[in-house]
Amino acid sequence: MSNAKLTDPRRPRGLGDLGPGEIASQRQMLETIRQVYERYGFEAVETPYLEYTDALGKFLPDQDRPNAGVFSLQDDDEQWMSLRYDLTAPLARYVAENFDKLPKPYRSYRVGPVFRNEKPGPGRFRQFMQFDADTVGASSVAADAENCMMFADAMEALGIPRGSYVVKVNNRKVLDGVMEAIGIGGPEYAATRLTVLRAIDKMDKFPVEEIWKLLGPGRLDESGDFTKGAGLNDKQIYRVVNFSFGSLDYKSAFENENSKVNFALNTSSMLRNIVEAFPESKKLKEGMSELMDFSGIVSNSDYRNDRIRIDTSVVRGLEYYTGPVYEVELTFDIPDEIGKPVRFGSVGGGGRYDGLIGRFRAEDVPATGISIGVSRLQAALTHLGKLKSEPPQGPVVVTVMDKTRIGEYQAMVSELRNAGLRAELYLGDAAGFGAQMKYCNRRNAPLAVIQGSDEAAKGEVQIKDLVKGAALAEVAKTITDREVYLARQAEVQYAVKREDLVAKVREALGI
């Protein structure tokens with residue numbers, strides 16, 4: 001092997017590894033979300049990572065890529081399969097396949113990795129985890145309202161305080177109505193509409209004058225990169241900007257010192273003003289009516305504007321949405337690479353997709369759902385101090401002081417395990433006591449069990465409390481009284497009767 005070429009241990013771009021600490025904190029977070037979802041009546045279901053490509057459909061927003069942003073392969077009977085790009089399209093297939101035996105409405109939640117075949121970059125991964133909840137078979141906007149209330153409840157259950165998050169809601173019918181009203185509603189304008197939607201989606205990132213450029217001829221950023229615009233004329237842009245900022249006077253945005261609009265309009269008057277601005281669009285009026293109903297439901301359930309609010313800049317990138325769309329955004333700032341505060345932003349979203357299941361059936365089936373971006377939310381919770389990424393406490397380690405007595409050491413381990421305690425036997429080749437203690441530290445073991453020939457002859461074992469030992473090492477230099485130090489040392493390592501091993505280990509662990 002010394003002359004063989006070694007394989008470079010490299011990770012594929014856009015993919016990440018998780019260590020024990022990250023896995024433990026993620027498990028804690030997922031369990032909290034699961035409890036909230038189940039409190040709302042949702043039940044778990046799992047779908048496979050791979051689906052037939054035609055079952056997934058082509059709904060990703062990255063339309064410029066020829067492979068539509070998915071990883072695909074051909075199986076042995078020459079059918080194309082793809083790794084799922086979200087958890088919604090596989091659910092649509094599952095519901096259609098099991099339609100007659102599922103209760104309607106059908107509430108389910110799913111958690112797992114999804115895959116995007118796109119160029120990786122900062123905050124953009126090829127594999128990431130989502131936690132979804134969907135209601136299938138309910139056409140009422142009350143189902144959408146429940147999704148958003150559940151979003152809010154999940155954020156607060158995770159320890160994100162009120163005022164540090166907001167669930168923002170819009171309606172795709174409203175967006176479609178605006179497109180029709182400005183003359184880009186036909187199929188020939190599909191690419192233009194996508195560009196307009198992407199511009200609207202940047203309303204919370206750019207000042208209005210930069211959005212104007214994205215809707216018009218295009219925008220040159222600070223690095224010199226040019227983004228092609230939608231090519232709308234000034235009149236069309238004026239109407240889109242008015243709609244997206246919820247105001248009938250876009251010029252006020254330019255007068256604001258931050259080039260952002262500060263609205264005092266309440267929800268109902270804002271929606272009425274938008275309807276009056278687009279009187280020719282029936283679809284927009286229908287969407288606005290749904291938003292009004294939505295607002296009434298969440299208000300009656302005491303979810304105020306500081307938790308859930310209408311925001312006409314919400315777009316959502318996937319094309320299958322047909323009604324209300326929503327995003328949950330964290331509103332606090334975090335420092336970027338150079339220490340500049342930036343808004344953390346969206347950690348989840350969702351919406352109504354009434355036509356997706358109808359791809360498999362001769363009828364449309366109403367459906368709506370939410371999706372939490374697990375990795376991004378985990379990063380936010382870690383930043384807030386709500387999750388810790390330190391490795392979890394390891395097992396009690398039974399050391400090997402005499403290799404001829406392995407069977408006796410293994411018996412100790414079995415006793416501890418049978419008592420419901422995490423325990424392991426040291427199986428390393430390095431037999432020295434120092435090497436075994438180093439292993440215990442790397443395993444984050446709370447205790448080490450030691451029995452040499454002298455202890456065996458006395459029918460005893462030594463318990464070494466590694467947590468107290470580490471604490472004593474930190475303060476040892478400040479202890480000047482020898483008797484105090486010896487008393488503390490006696491708490492770190494002490495002898496117990498062999499038959500009392502399990503009881504004494506439990507006592508040391510505080511259980």
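## Isoleucine 370

Isoleucine 370 counts as buried because its relative accessibility is 1%, where buried means under 20% relative accessible area, exposed over 50% and partly exposed in between, with a 1.4 Å probe and protein chains only. The model is a predicted one, in which local features need pLDDT of at least 70 and side-chain atom pairs count only at pLDDT 80 or more, while totals for chains, interfaces and linings use all residues. Residues are numbered from 1 along each chain as its sequence is written, and side-chain values use heavy atoms, with hydrogens and water left out.

Isoleucine 370 belongs to strand 13, residues 367–373. Helices (H or I, at least four residues) and strands (E, at least two) are DSSP runs numbered from the N terminus. Neighbours within four places in sequence aside, isoleucine 370 is in contact with Tyr37, Phe131, Asp132, Ala133, Asn147, Met150, Phe151, Tyr326, Gly349 and Gly350, contact meaning heavy atoms within 4.5 Å. From C-alpha to C-alpha, isoleucine 370 and cysteine 148 are 8.1 Å apart in space, with their positions 222 residues apart in sequence.

## Helix 4

Helix 4 covers residues 141–157, 17 residues in total, and reaches 24 Å from its first C-alpha to its last. That is close to the 24 Å expected at 1.5 Å a residue, the expected span being 1.5 Å times one less than the number of residues. Of the 17 residues of helix 4, 13 are buried, so the helix is largely enclosed by the rest of the structure.

At the N-terminal end, serine 140 acts as the cap of helix 4, with a side-chain oxygen 3.0 Å from the backbone nitrogen of alanine 142. After helix 4 comes glycine 159, whose phi is positive, near 95 degrees.

Alanine 145 is a residue of helix 4 and is buried, with a relative accessible area of 0%. Not counting residues up to four places away in sequence, alanine 145 touches Phe294, Ile297 and Val298. Lysine 168 is 23 residues from alanine 145 along the chain, and their C-alpha atoms are separated by 11 Å.

## Helix 14

Which residues of helix 14 are buried? In this helix, residues 433–442, they are Gln436, Met437 and Cys440. They cover an arc of only 100 degrees around the axis, taken from the directions from the helix axis to the C-beta atoms, which puts them on the same side of helix 14. An α-helix has 3.6 residues a turn, so residues three or four places apart point the same way.

The buried residues of helix 14 pack against strand 14 (396–398), strand 16 (447–450), strand 17 (460–465) and helix 16 (466–475). On the face turned away from the buried side are the exposed residues Gly434, Asn441 and Arg442. Asparagine 444, with a positive phi near 60 degrees, follows helix 14.

## Cysteines

Cysteine 148 counts as buried because its relative accessibility is 0%. Cysteine 440 is also at 0% relative accessibility and therefore counts as buried. A search of the whole structure finds 0 disulfides, a disulfide being a pair of cysteine sulfur atoms within 2.5 Å.

## Overall dimensions

The protein has 18 helices and 18 strands. Its radius of gyration is 30 Å, well over the 24 Å that the globule rule gives for 511 residues, so the protein is more spread out than a compact globule. The radius is taken over C-alpha atoms, and the rule is 2.2 Å times the number of residues to the power 0.38. The C-alpha trace spans about 95 × 65 × 60 Å along its principal axes.

Buried residues make up 47% of the 511 residues. Among contacts with a separation of 6 or more, 69% are between residues 24 or more positions apart.

Conventions
Polar contact = N/O pair within 3.5 Å; in protein donor to acceptor, adjacent residues only side chain to side chain.
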